[in-house]
Amino acid sequence: MLEIRDLVKVYPGPVAALHGVRLDVPRGLFGLLGPNGSGKSTLMKILAGLLAPTSGRVVLDGVDVTDRPQLVWPRLGYLPQDFGFYPRLTGEAMLRHLLDLKGVGERSRRSRIALELLDRVNLGAAAGRRVAEYSGGMRQRLGIAQAIAGDPELLIVDEPTAGLDPEERLRFHHLLAELAETRTVLLSTHLVEDVAMLCPRFAVLRFGRLLLEGTPQQARRAIPGRLAEGLVARDALEPLRRTARVTQHLLFEGRHRVRLHVPEGPLPPEFVEVPATLEDAYMLLTLDDAARTLPASA
Ligand code: ADP
Ligand code: MG
């Protein structure tokens, strides 16, 4: 169990990136969901022991590791958001180099370890190809290969699905789900879909504050009232937006498909009730928070 206690991070500037985050991360896959700039990477760097918090504690299985990050390093795998590779190396050579840096295994065994890890993330067949030729999904899987070297019990992955196409994202989801069977995986993402597909528990971070922590089902059930969906003409959009909270607005066959929240009373004409999704819950939470934290416009 990873216990995060009242973490505050103020960067020089000053920029307050975390405002007292308190969270328990259990075993399995845990999602940290938040928009860009919410403090996800800051939190993950602190947990990985690469950045010192301004105040607060990080406790791993009862051991306070805040001031002694070297205690966590052997037990931790980390895939940073901006992981860099040498594109001219082959996948295997790149991974061997990373194992060298990490000090995993004896030198003579590193080649074998690298190949085993590549197999693990389904890159065995691409081991001899240059990283420059890898797709985005393959690079992320190579990043996972270095992160799981040494079989860490805690795996921290920072926005690994950003920029992957749908097929690669699905494949990556399967890999994360498999890795989470035997360890804690903390996944940060700005995509609600990642959480909906993968995470039995999650938390929402916004402007460095946790807005919510729980299961996706709890988040959906906590929405008061109903969700409704309908097709509307363009000139009906503005009046709707003024009276209701819109959780989704898409074009559908050239018309505007709108999902909105109906806290009480009848649905608008031509709208039908739909089951609430995690996306709805997240949107409403974000809108509520914006209404609370930003001055109301005239
Ligand atoms: P996220 O990963 O959710 O996009 P970050 O943790 O990267 O969020 O950033 C949170 C806030 O901290 C942002 O306002 C960002 O501009 C700021 N920030 C991040 N890193 C630094 C830094 N090294 N120096 C100053 N401000 C930073
Ligand atoms: Mg980030």
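In this predicted model, an oxygen atom of ligand 1 lies 2.9 Å from a polar backbone atom of Ser 41. This report begins with the surroundings of that ligand, continues with the magnesium ion, and ends with the strands.

**Ligand 1**

The residues around ligand 1 include Tyr 11, Val 15 and Ala 17, together with the run Pro 35, Asn 36, Gly 37, Ser 38, Gly 39, Lys 40, Ser 41 and Thr 42. Three of the contacts with this ligand are set out below.

| Residue | Part of the residue | Atom of ligand 1 | Distance |
|---|---|---|---|
| Tyr 11 | N or O atom in the side chain | nitrogen | 3.5 Å |
| Ser 38 | polar backbone atom | oxygen | 3.1 Å |
| Ser 41 | polar backbone atom | oxygen | 2.9 Å |

**The magnesium ion**

The magnesium ion is ligand 2, and its protein donors are the OG atom of Ser 41 and the OE1 atom of Gln 81, lying 2.1 Å from it. These two donors connect distant parts of the chain, being 40 residues apart: Ser 41 belongs to helix α1 (residues 40-47), while Gln 81 sits in the loop between β6 (76-79) and α2 (91-102). Ser 41 has a relative accessible area of 18% and is therefore buried, since the limit for that class is under 20%. Gln 81, with a relative accessible area of 41%, is partly exposed.

**Strands β1, β4 and β5**

Strand β1 (residues 2-11) pairs with strand β4 (residues 55-60) in the antiparallel sense, over five bridges. Within this pairing, Ile 4 has Val 58 of β4 as its bridge partner. Strand β4 is also joined to strand β5 (residues 63-64) by two bridges, again antiparallel, and here Leu 60 stands opposite Val 63 of β5. The strands β4 and β5 form a hairpin with two residues between them, and Asp 61 in the turn has a positive phi of about 45 degrees.

**The four-stranded sheet**

Further along the chain, an open sheet is formed by four strands in the order β12-β13-β11-β14, with antiparallel pairing. Strands β12 (245-252) and β14 (272-274) stand at the edges; each has a single partner strand, so one side of each lacks a neighbour in the sheet. From one strand to the next, the twist averages 30 degrees.

Strand β12 pairs with β13 (residues 255-262) over seven bridges in the antiparallel sense, and Val 258 in β13 is the bridge partner of His 249. Helix α9 (residues 278-293) lies across β11 (226-232), β12 and β13, and runs at about 130 degrees to β12.

How values were computed. Residues numbered from 1 in each chain as written. Chains lettered and ligands numbered in written order. Predicted model: local features only at pLDDT ≥ 70, side-chain atom pairs only at ≥ 80, totals over all residues. Heavy atoms only, no water. Pairing = 2+ DSSP bridges. Axes fitted to C-alpha atoms, helices over the stretch in contact; angles between N-to-C directions. Contact = heavy atoms within 4.5 Å. Donors = N, O, S within 2.8 Å, 3.2 Å for Na, K, Ca; no water. Buried < 20%, exposed > 50% of the residue type's maximum accessible area, 1.4 Å probe, protein only. Near = heavy atom within 4 Å. Polar contact = N/O pair within 3.5 Å; in protein donor to acceptor, adjacent residues only side chain to side chain.
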